[in-house]
Amino acid sequence: MQNLIIKTLIYDKQVRLYFVDNTKLINTIISLNNETNKLQKLLLGKTISVVSLMSGILKGDHRVSLQITMSNPKYKVFADADAKGNIRGYLNEGLRNASSEFISNVSLEQLIGDKGNIRVIKGSAMNQFTGITDMPYQNIVDDISHYFIQSEQTQTFLGTNFGQNLEGGLLFSNAIFVQLLPGAPHHLIDVIKHIFLTNRDFFNDLGKNKNNIEEKLSELFEDVKIIGCSPVQFFCGCSKEMFYGMLYALNKGELRQAISKKESIETGCQICGRTYSFHPDELQALI
Ligand SMILES: [Zn+2]
């Protein structure tokens, strides 16, 4: 059941609860960022874990993008998802190149600080909605719940389990997304939150269950009905064409030099690590 969002309604259809075991997805993305330390992996992993669940509430050609800016605006994390569960995420250059002395000695709370903010961009290319909220919890996950409550006026709880070894390697990752449907009593969100926070091992094991998820969830919640599932996977939409633009920005002298030496120019995507090579004949077309 890895990399599959399990969508359920609980408590007599008053609450929607989505669960995902996204260990594989996060491992894929973290391995593309293998130069990073434990905190950088945690930042990226938690952000992707949340955005992967948010893909489950998208429809049609809608997308969602998260931009998390730390108190020092030099440091940012980006992640986005579409309704097909195509997920990607990356640390900005400032964060990737942060000195190891700084990044090894700062906590997640300290890095986010009291001026961190989350920008959420949702919708289709034609019709976008942007919401910005502060980060009072300084831990990403509770701050996204805060975003839903503040900006979308929906009672929401997001919870993640994210296990790392000492080097920052991922041991497990799973998450739940809970939203009260109109008319549901408000206290239900606290009931579910409490159940999640006191049964972390249960959720770490849940992804290993192939068929009896409804039965398993019924041990914790009332009236569980599975209403569907949808996949999540890493996908970067980059293409060679996109990188022609970057080559245009190089000065013509550099291009001419490569052509005269019959050398290719290589360029890489920061998100997925794919490299694109431009042959001198292709460079010729640019000058
Ligand atoms: Zn790419």
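**Notebook: zinc site and nonpolar cores**

I looked up cysteine 269 and noted that, at 9% relative accessibility, this residue counts as buried (buried is under 20% relative accessible area, with a 1.4 Å probe and protein chains only). The model is predicted: local features need pLDDT of at least 70, side-chain atom pairs count only at pLDDT 80 or more, and totals for chains, interfaces and linings use all residues. Residues are numbered from 1 along each chain as its sequence is written, and side-chain values use heavy atoms, with hydrogens and water left out.

I next listed the protein donors of the zinc ion (N, O and S atoms within 2.8 Å of the metal, or 3.2 Å for Na, K and Ca; water is not among the atoms, so sites may look incomplete). They are the SG atoms of Cys236, Cys238, Cys269 and Cys272, at 2.3 to 2.4 Å from the ion. I recorded the spacing of these donor residues as C-x1-C-x30-C-x2-C. Cysteine 236 and cysteine 269 link distant parts of the chain, 33 residues apart. Cysteine 236 also counts as buried, at 4% relative accessibility.

I then turned to the nonpolar cores (sets of buried Ala, Val, Leu, Ile, Met, Phe, Trp, Tyr and Cys residues joined through side-chain atoms within 4.5 Å). The largest has 49 residues, and those with the most contacts inside it are Leu43, Met70, Leu95, Leu111 and Ile144. I noted a second, separate core of 24 residues, which includes Ile10, Ala184, Leu217 and Val224.

Terms used
Helix = DSSP H or I, 4+ residues; strand = E, 2+ residues; numbered from the N terminus. Buried < 20%, exposed > 50% of the residue type's maximum accessible area, 1.4 Å probe, protein only.
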